[in-house]
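Colleague: Walk me through how to read this model, one feature at a time. I will ask, you explain.

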Amino acid sequence: MLFALPLLSVVGTAALWFLLPFIATTVTLVWCLLKRSWKDGTLREQLTLTPELISILRTNPRAPKQSWEANPFWVRAELHSEPVENYLTLRGGARDVELGRFLTPEERAELHNLLLDALARTKTAQ
């Protein structure tokens, strides 16, 4: 509330009516952007790995759900240096799938190592 301190000098004057629409617009814009940010935090990726199937279900806050499935025996986890640092993809079936877009580069590298281990265990279990 300290940011409103300069407004005390215009309380009771005509200048307040001039500033009021700008203040209301700013507060509304900040509120809408905060709500969008909170909604973006609901992005989820669910990875399921069994000896017979690997699947990813991606739940986007502003788009329909996306899914991908493949045989884990043929899937490769790849870490690329671009378009962002430690860009993680799964290659299998007819396409490549990006994984962990919302993670930090270090978390994507850690996830890559975990996936390599899990895929290797799955391949030896068959």
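Colleague: Start with leucine 19: how buried or exposed is leucine 19?

Modeller: Buried means under 20% relative accessible area, exposed means over 50%, and partly exposed lies in between (1.4 Å probe, protein chains only). Leucine 19 has 30% relative accessibility, so it counts as partly exposed. Mind the source: this is a predicted model, local features need pLDDT of at least 70, side-chain atom pairs count only at pLDDT 80 or more, and totals for chains, interfaces and linings use all residues. Residues are numbered from 1 along each chain as its sequence is written, and side-chain values use heavy atoms, with hydrogens and water left out.

Colleague: Where is the place of leucine 19?

Modeller: Helices (H or I, at least four residues) and strands (E, at least two) are DSSP runs, numbered from the N terminus. Leucine 19 belongs to helix α1. That helix covers residues 14–40. Compare sequence and space: leucine 7 is 12 residues from leucine 19 in sequence, and the C-alpha atoms are 9.1 Å apart.

Colleague: Stay with the helix. Which residues form the nonpolar patch on the surface?

Modeller: Patches take residues with over 30% relative accessible area and no salt bridge; like charges are joined within 9 Å, nonpolar side chains (Val, Leu, Ile, Met, Phe, Trp, Tyr) within 5 Å. Areas come from the Shrake-Rupley method with a 1.4 Å probe, and for residues only the protein chains shown count as cover. Here the patch is Val30, Trp31, Leu34 and Trp38. Together they have about 430 Å² of accessible area. Valine 30 sits in α1. Its relative accessibility is 45%, so valine 30 is partly exposed.

Colleague: Now the strands. How many bridges pair β1 with β2?

Modeller: Two strands pair if DSSP finds at least two bridges between them. Strand β1 (residues 44–49) and β2 have six, in the antiparallel sense. For a register check, take leucine 47: it stands opposite isoleucine 56 in β2. Four residues make the hairpin connection from β1 to β2.

Colleague: And what joins β2 to β3?

Modeller: Again a hairpin, through six residues. β2 (residues 54–59) and β3 (residues 66–70) run antiparallel, with five bridges. Serine 55 has glutamate 69 in β3 as its bridge partner.

Colleague: How many residues lie between β5 and β6 in their hairpin?

Modeller: Two. Look at glycine 93 in the turn: its phi is positive, about 70°. β5 and strand β6 (residues 95–98) are antiparallel and share four bridges. Leucine 90 is partnered by valine 97 in β6.

Colleague: What is the phi of asparagine 86?

Modeller: Near 55°, a positive value in a residue other than glycine. Asparagine 86 lies in the loop between β4 and β5. Proline 83 is found in that loop too. Check the bond before it: glutamate 82 and proline 83 are joined by a cis peptide bond, with omega about 10°.

Colleague: Turn to charge. How many salt bridges does the structure hold?

Modeller: Side chains of opposite charge can pair when their charged atoms come close. The test is a side-chain nitrogen of Lys or Arg within 4 Å of a carboxyl oxygen of Asp or Glu. The count here is five. Take arginine 91 and glutamate 78: their closest N and O atoms are 3.4 Å apart. This pair links distant parts of the chain, with arginine 91 in strand β5 and glutamate 78 in strand β4, 13 residues apart. Glutamate 78 is buried at 16% relative accessibility, whereas arginine 91 is partly exposed at 34%.

Colleague: What else does arginine 91 bridge to?

Modeller: Aspartate 96, with the closest N and O atoms 3.0 Å apart. Aspartate 96 is partly exposed, at 37%. Step back and a network of salt bridges appears: Arg76, Glu78, Arg91 and Asp96. Another bridge joins arginine 101 and glutamate 98, at 2.9 Å from N to O. Arginine 101 is exposed at 51%; glutamate 98 is partly exposed at 22%.

Colleague: Last one. Which residues gather in the patch of negative charge?

Modeller: Lys and Arg count as positive, Asp and Glu as negative; His and the chain ends are not counted. Each charge is placed at NZ of Lys, CZ of Arg, CG of Asp or CD of Glu. The patch on the surface is Glu85, Glu106, Glu107 and Glu110. Glutamate 85 is in the loop between β4 (76–80) and β5 (87–92).
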